[in-house]
Amino acid sequence: MTTNETRPIFAALSADDAENQLTEIESLCMNCYAKGQTRLLLTHIPYYKDVILSSFECDSCHSKNNDIQPAQRIESYGISINVHIINTKDLNRQFVKSSDGTVRIKELDFEQAPHGENGLLTTIEGFLDSITENINKTIKQIEETIDETHKNSKENSTDDNDKQNISEFEQQKQKLYEFIKRVESCKTLSQTFHFELDDPSGNSFIENPNAPHRDEQMKIKKYRRTSEQNTYLGIDEETTENESTLEKSDDIKDEVLIFHTNCPSCNSPCDTNMKVTQIPYFKEIILMATTCDVCGHKSNEVKSGTGVAPEGIRYRLIMNDSIDLNRDVLVSETSSLSIPDFDFELSSSRSIGGRFTTIEGLLTTLKSQLASVIMPFSCGDSQNPNNDKNIMKSFINDISAVLAGEKFVTIVLDDPAGNCYLQNICAPEPDPQLIVEHYQRTDEQDDLLGLKDMNVENYTDS
């Protein structure tokens, strides 16, 4: 029986259709070199991205292996996520660690480097259990070594080296037992601790149980990778300069430029149209639009045409009429959006970044994206019936009330690069509802924008 129903390649998890989402392939077992079975699941994690879950099992030697890999490209920035664990609910937070991620627990002086590690999808409590399990395996190996040394000493005369080795093994075993107690104290929350996940590829994630609201216990920092990290990730840094093929720069504003690229959805060759234009009372911007004739994918993006401004800019709009929904707004990729009335904040994100629209269009996009989210983290053992879906539903209802003109809120648009814009309907006169603030960037913001890496003095001599 055939059907014309199409589904996305990376579909949300569904218990009703779990078997159809799985792909099984025959693969070689690297332990016994017999034929094993690999199961692949392509799915989407809300507030994160598309991932590939794989599970291998060999019936001959019973070897098993699980892995998780991001299905998207390496991000432009690395990411560091630090969560303060203070209650049992925090232990149930699920997290995704890519094969390039590093886990640190400062209170335990513990670090798990990414060398040879697979990707991981588990909870913080599950990760603590895996630490204890691995240490117990090490203790068992030490005990076997001690027993073997005792056995050899009985068969042969005992020398001082054997006694010294046995003493060192016993000390190692005692230290490992003490470390297990410290891990258990974290697991039972006898002491609070900080769980840090650092990933230079930017493909790791820790669940926010309060989504879409702010998580006060979580600190997220994006950073520019070092040359060593780029080498580790296999990224080649191109140092050659490409000469422009445009002979007259003045003609750019009068033309629609077309260049070839690949579709971000199906990777088929397609064209991207680019046009430089001017926003009144703001600056030049670059409009980019891509259409794929193969899969029908369409996307548009807006970028600043003037680079990074000397100062950051923050717009605060106090809505008091439904006409405010018609104000034009430019959301750059480096800007953040917050609605203090709903305790909502969205950091710089490609999901809404790079858009020139209206307040109504921005809120509609936000509502549609959140309404389509299916939350697998709200199911299973870590489910909290008082959170997740109910919080999401309540937030979407609040956004709907704003769009209907039943509620008026304050909208804050902040961009350290100074490239966002919110329309002043009283221009060129001041707008009493719109507060515009220019501010000096912090060192961390300058570093994230790459300004500290720029050599603007005597660079021709280097």
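Me: In the hairpin of β13 and β14, which residue takes a positive phi?
Reply: N267 does, with a phi near 65 degrees. The hairpin has six residues between its strands. Bear in mind that this is a predicted model.

Me: How do I read the pairing of β13 and β14, parallel or antiparallel?
Reply: General idea: strands of a sheet pair through backbone hydrogen bonds, either parallel or antiparallel. Now the case here. Strand β13 covers residues 257–262, and β14 covers residues 269–278. The two run antiparallel, joined by six bridges. To see one position, find L257: M274 in β14 stands opposite.

Me: How many bridges pair β14 with β15?
Reply: Eight, again in the antiparallel sense. Strand β15 spans residues 284–291. Look at K275: its bridge partner in β15 is L287.

Me: Where do the side chains of a regular strand point?
Reply: They alternate between the two faces of the sheet.

Me: In what order do the five strands of the open sheet lie?
Reply: The order is β8-β7-β10-β5-β12, with antiparallel pairing. The edge strands are β8 (110–112) and β12 (218–223). Each of these pairs on one side only. From one strand to the next, the twist averages 15 degrees.

Me: What does the pairing of β7 and β10 look like?
Reply: Four bridges link them in the antiparallel sense. Strand β7 holds residues 102–105, and β10 holds residues 193–199. Pick out R104: E196 in β10 stands opposite.

Me: Which residues of β24 and β22 face I313 and Y315?
Reply: Start with β17, residues 312–318. It pairs with β24 (residues 434–439) over six bridges, antiparallel. There, H438 is the bridge partner of I313. Strand β17 is also joined by six bridges to β22 (residues 410–415), and these two run antiparallel. In that pair, L413 stands opposite Y315.

Me: How many disulfides does a search of the whole structure find?
Reply: Zero. The idea is a distance test: two cysteine sulfur atoms must lie within 2.5 Å. Take C32: the nearest cysteine sulfur belongs to C61 and is 3.6 Å away. C32 is therefore in no disulfide. Turn it around and C61 has the sulfur of C32 as its nearest, at 3.6 Å. C61 is in no disulfide either.

Me: Are C32 and C61 buried, exposed or partly exposed, and what are their relative accessibilities?
Reply: Partly exposed means between the two cut-offs: under 20% is buried, over 50% is exposed. C32 has a relative accessible area of 31%, so it is partly exposed. C61 also counts as partly exposed, at 26%.

Key:
Residues are numbered from 1 along each chain as its sequence is written. This is a predicted model: local features need pLDDT of at least 70, side-chain atom pairs count only at pLDDT 80 or more; totals for chains, interfaces and linings use all residues. Side-chain values use heavy atoms; hydrogens and water are left out. Two strands pair if DSSP finds at least two bridges between them. Axes are lines fitted to C-alpha atoms, for helices over the stretch in contact, and angles run from 0 to 180 degrees between N-to-C directions. Buried means under 20% relative accessible area, exposed over 50%, partly exposed in between (1.4 Å probe, protein chains only).
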